[in-house]
Amino acid sequence: MQNVDYAALPERVREFARFHILDVVGTALAATKFEFAQRALNGLASMADGGSVTVLGMGAALPLKDAVIMNGILAHGLDYDDTHPGGPVHPSSSAFPCALGLAEFLDRSGKDLLTAYVLAVEISTRFGIATNGALLKSGYHTTGVAGHMGCAVGAGHL
């Protein structure tokens, strides 16, 4: 995936990605108003030692791994995040927090962030589709498994 960059993404894909990012950020911001968000932040912060990566909408920063987890909790917490029915998988709730956290941590550009996000969504969605619902039927949340695959690719790109 090293040869994939922002310029290689079709404009239509970049435009859809921007809309999906707006959607997942809006969903995450809405989740900050619920008690589960503050409880999750308190729990993660109690185990963290400092941190510099932004937690969306909560005026807090955590270590990279904790900020990514917290932003994922916010992104999926209300269950209004995007869904690809072929998996079924919620690609943005893992892809965006991972790409955002790493892009901030590594001081990467917005173009790098968007490219990593698109790669993560592509892989997690395709992985979810390839399982043809078998993960869900076996008791696994498809997003939890497929999202890891997408995040690994997005993180590797960054």
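**Nonpolar core and helix packing**

In this predicted model, the largest nonpolar core comprises 35 residues, and Leu62, Met70, Leu74, Phe96 and Tyr117 are those with the most contacts inside it. Two or more residues are given to this core by each of the elements α1 (11-31), α2 (35-47), β1 (53-55), α3 (64-76), α4 and α5 (110-131). The largest share, seven residues, is contributed by α5.

Tyr117 is one of the core residues with the most contacts inside the core. When residues up to four places away in sequence are not counted, Tyr117 touches Ala17, His20, Ile21, Asp82, Ser92, Ala95, Phe96 and Ala99. Phe96, one of these partners, is likewise listed among the core residues with the most contacts.

Helix α4 (residues 92-105) also packs against helix α7 (residues 142-157): their axes come within 8 Å and cross at roughly 30°. Because angles under 35 degrees count as roughly parallel, α4 is roughly parallel to α7. The crossing in which α4 passes α7 is right-handed. On the α4 side, the contact involves Ser93, Ser94, Ala95, Cys98 and Leu102, which meet Thr143, Gly147, Cys151 and Ala155 of α7. Of the residues in this contact, five are nonpolar and four are polar, with no charged residue present. Ala95, which meets α7 in this way, is also touched by Tyr117.

A charged residue is found in helix α3, where Asp66 is located. Asp66 has a relative accessible area of 7% and is therefore buried. Its contacts, not counting residues up to four places away in sequence, are with Leu44 and Ala48.

Key
Residues are numbered from 1 along each chain as its sequence is written. This is a predicted model: local features need pLDDT of at least 70, side-chain atom pairs count only at pLDDT 80 or more; totals for chains, interfaces and linings use all residues. Side-chain values use heavy atoms; hydrogens and water are left out. Axes are lines fitted to C-alpha atoms, for helices over the stretch in contact, and angles run from 0 to 180 degrees between N-to-C directions. Helices (H or I, at least four residues) and strands (E, at least two) are DSSP runs, numbered from the N terminus. Angles under 35 degrees count as roughly parallel, over 145 as roughly antiparallel, 65 to 115 as roughly perpendicular and the rest as oblique. A crossing is left-handed if the near helix is turned anticlockwise from the far one by less than a right angle, and right-handed if clockwise. Contact means heavy atoms within 4.5 Å. A nonpolar core is a set of buried Ala, Val, Leu, Ile, Met, Phe, Trp, Tyr and Cys residues joined through side-chain atoms within 4.5 Å. Buried means under 20% relative accessible area, exposed over 50%, partly exposed in between (1.4 Å probe, protein chains only).
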